[in-house]
Amino acid sequence: MKINFYKYQGAGNDFVMLDNRSGDFDVITAETISFLCDRRFGIGADGLITVSESKDKDFDMVYYNADGSQSFCGNGSRCAVRFAQHLGIIKGGECSFNSTDGPHHAKISEKSISIDLFVKGKAQKYSEREFFINTGSPHHILISDDIDNEDVKGVGASIRYSDIYAPDGSNVNFISLFGENSLKIRTYERGVEDETLACGTGITAAALVGSRLGLTPPVKIIAKGGTLFAEFKHDQETDKYSDIWLIGPAEKVFEGTIEI
């Protein structure tokens, strides 16, 4: 069967997009997802996203990692908003949508897509150099002294599969402060099981941890695939975050058909 697909990317985080308004992709196997995301035999992507009609929002989206597992994806959500705009679902400069972790709001401009995120539970401080925070997906944060030479895949995998995060695992982010209100980041993503060029929820998690290290929003985050920004409020007394926004580009790369 031939299907139409679209390829989008946000700061190098790339996704296969499927228009599911007909319901044709309500059920999609992990095998098919893995094939479509394969960079040698398929289209190639960090994940796959379906965009569907919604009962109460502008659209519903489901994000699948390259291995077929579901999670929430910040950059994927921003790209889904741009895709929904391309499909004519969104007409104005704002929209709302449902994802696997709940409802979200987005602001749309020609150059960027901003989405709101929220922290699930409380941020945890393991040590002066290690933190954990869930921004829709779980993220372990390590402060690095030599971020360019970190063994992201090796160390990331060891933490991702460690007992502390069993059975579902965690994404792992290496961060380094870089100039005024800026940081560099490298991320190991579960489901991809490798380093990715950017990770929206990881970038947001890093910015929130950065506020504990003296950074004030907006925080500029430099990933391997591009630069994004995080806006938020942090109440130091209660240690609660609010009004969290991930801001950055989301662009169509190409579209085509493929046999599945």
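Which residues is Cys-199 in contact with, leaving aside its neighbours within four places in sequence? View 2 has the answer. A quick note first: this is a predicted model, where local features need pLDDT of at least 70, side-chain atom pairs count only at pLDDT 80 or more, and totals for chains, interfaces and linings use all residues. Residues are numbered from 1 along each chain as its sequence is written, and side-chain values use heavy atoms, with hydrogens and water left out.

**View 1. Cys-73 and Cys-199 come together at one spot.** UniProt, in an unreviewed entry, puts the feature "active site" at these two cysteines; such annotations may be inferred rather than shown by experiment, feature names are shortened, and positions follow the numbering used here. The pair spans 127 residues in sequence, yet no two of their C-alpha atoms are more than 7.7 Å apart, so they gather at one spot.

**View 2. Cys-199 sits in a loop.** That loop runs between strand S13 (194–196) and helix H4 (200–212); helices (H or I, at least four residues) and strands (E, at least two) are DSSP runs, numbered from the N terminus. Back to our opener: leaving aside neighbours within four places in sequence, Cys-199 is in contact (heavy atoms within 4.5 Å) with Asn-13, Asn-75, His-139, Thr-187 and Glu-189. At 4% relative accessibility, Cys-199 is buried (under 20% relative accessible area; exposed is over 50%, partly exposed in between; 1.4 Å probe, protein chains only).

**View 3. Cys-73 is in a loop too.** Look between strand S4 (59–65) and helix H2 (74–86). Cys-73 is buried, with a relative accessible area of 4%. Skip the neighbours within four places in sequence, and Cys-73 is in contact with Asn-13, Phe-15, Tyr-63 and Thr-201.

**View 4. Strand S4 pairs with S3 and S5.** Strands pair if DSSP finds at least two bridges between them. S3 (residues 47–52) and S4 run antiparallel, joined by 6 bridges, and they make a hairpin with 6 residues in between. Spot Leu-48, whose bridge partner in S4 is Tyr-64. With S5 (residues 94–99), S4 pairs in the parallel sense over 2 bridges, and Asp-60 stands opposite Asn-98 there. In S4, 5 of its 7 residues are buried.

**View 5. No disulfides here.** A disulfide needs a pair of cysteine sulfur atoms within 2.5 Å, and the count comes to 0. The sulfur of Cys-37 is 11 Å from the closest cysteine sulfur, in Cys-73, too far for a bond. For Cys-79, the nearest cysteine sulfur, again that of Cys-73, is 7.9 Å away. Cys-79 is buried, at 0% relative accessible area.
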